[in-house]
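Hi there,

Here is the structure I promised to pass on to you. Please open it next to this email, so that you can find each residue as you read.

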Amino acid sequence: ASFGYEIVSSAVNQKTDNSLEILERLFSKDKIFHIVDGGVSIGEISIEFATKFPNAKVSAFEPFPKYFDFLFKKCKEYPNIFPLNIALSDFSGETLLSVT
């Protein structure tokens with residue numbers, strides 16, 4: 001440490017595209033307190049976050065009403081998931097939601 005180097009587990013350096021795996025490698029489960037999940041659809045990733053990081057509040061944003069209704073029902077089992085029926089954006093206001 002006195003030379004500016006840190007010894008880390010080789011598991012951190014393994015390549016992966018899975019963001020949940022990366023978070024698990026980099027942070028202790030007890031040190032993540034808030035996760036923002038935008039465009040959650042039916043909430044499968046939000047549930048993974050809530051399960052893997054039980055001390056974290058998961059703010060789950062889903063603007064599409066049909067998906068949000070399903071998400072809201074599904075998340076009742078997870079007290080640390082907070083479903084929000086709004087979109088994330090760089091402006092405040094209303095706009096058209098395009099669903100493909």
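Below is what turned up in this structure, going from the inside to the outside.

Before anything else, please keep in mind that this is a predicted model.

**Helix 2 and its buried side**

A good place to begin is helix 2, which runs over residues 44-52. Which of its residues are buried? They are Ser 46, Ile 47, Phe 49 and Ala 50. These four sit on the same side of helix 2, because they cover an arc of only 160° around the axis. There is a general rule behind this pattern: an α-helix has 3.6 residues a turn, so residues three or four places apart point the same way.

What do the buried residues of helix 2 pack against? Their partners include two helices, helix 1 (19-26) and helix 3 (65-74). Strand 1 (34-38), strand 2 (57-61) and strand 3 (81-84) are also packed against them.

**The nonpolar core**

Next, have a look at the largest nonpolar core, which has 15 residues. Ile 35, Phe 49, Phe 53, Val 58, Leu 71 and Ile 81 are the members that touch the most others. Helix 2, strand 2 and helix 3 each give this core at least two residues, and the largest share, three residues, comes from helix 2. As a bit of background, nonpolar side chains tend to be buried together in soluble globular proteins.

Ile 81 is a nice residue to click on. Apart from neighbours within four places in sequence, Ile 81 is in contact with Ser 46, Ile 47 and Ala 50, which are among the buried residues of helix 2. The other contacts of Ile 81 are Val 58, Ala 60 and Cys 75.

**The largest pocket**

How big is the largest pocket? Its volume is about 270 Å³. Among the residues that line it are Pro 63, Asn 85, Ile 86, Phe 91, Glu 94 and Leu 97. Sorted by class, the lining has six nonpolar, five polar and one charged residues.

Asn 85, one of the lining residues, is found in the segment after strand 3. Asn 85 is partly exposed, with a relative accessible area of 37%. Not counting residues up to four places away in sequence, Asn 85 touches Glu 62, Pro 63, Phe 64, Pro 65 and Phe 68. Leu 23, in contrast, is 26 Å from Asn 85, C-alpha to C-alpha, with their places 62 residues apart in the sequence.

Ser 98 also lies in the segment after strand 3. With a relative accessible area of 62%, Ser 98 is exposed. The C-alpha atoms of Ser 98 and Phe 64 are 9.3 Å apart, although the two are 34 residues apart along the chain.

**The loop between strand 1 and helix 2**

Two residues of this loop are worth a visit. Gly 39 is in the loop and is exposed, at a relative accessible area of 53%. Its contacts beyond four places in sequence are Phe 61 and Glu 62. Between the C-alpha atoms of Gly 39 and Glu 62 there are 4.9 Å, while 23 residues separate the pair along the chain.

Ser 41 belongs to this loop too. Is Ser 41 buried, partly exposed or exposed? With a relative accessible area of 27%, Ser 41 is partly exposed. What sets its backbone apart is a positive phi of about 60°, although Ser 41 is not a glycine. In general, most residues other than glycine have a negative phi.

Enjoy exploring, and write back with any questions!

Methods:
Residues numbered from 1 in each chain as written. Predicted model: local features only at pLDDT ≥ 70, side-chain atom pairs only at ≥ 80, totals over all residues. Heavy atoms only, no water. 1 Å grid on protein atoms, 1.4 Å probe; cavity = no way out; pocket = protein on both sides within 12 Å on 5 of 7 lines; lining within 4 Å. Points joined across faces, edges and corners; volume = space filled by probe spheres on them. Nonpolar A, V, L, I, M, F, W, Y, C, P; charged D, E, K, R; others polar. Buried < 20%, exposed > 50% of the residue type's maximum accessible area, 1.4 Å probe, protein only. Arc of directions from axis to C-beta. Contact = heavy atoms within 4.5 Å. Core = buried A, V, L, I, M, F, W, Y, C linked by side-chain atoms within 4.5 Å.
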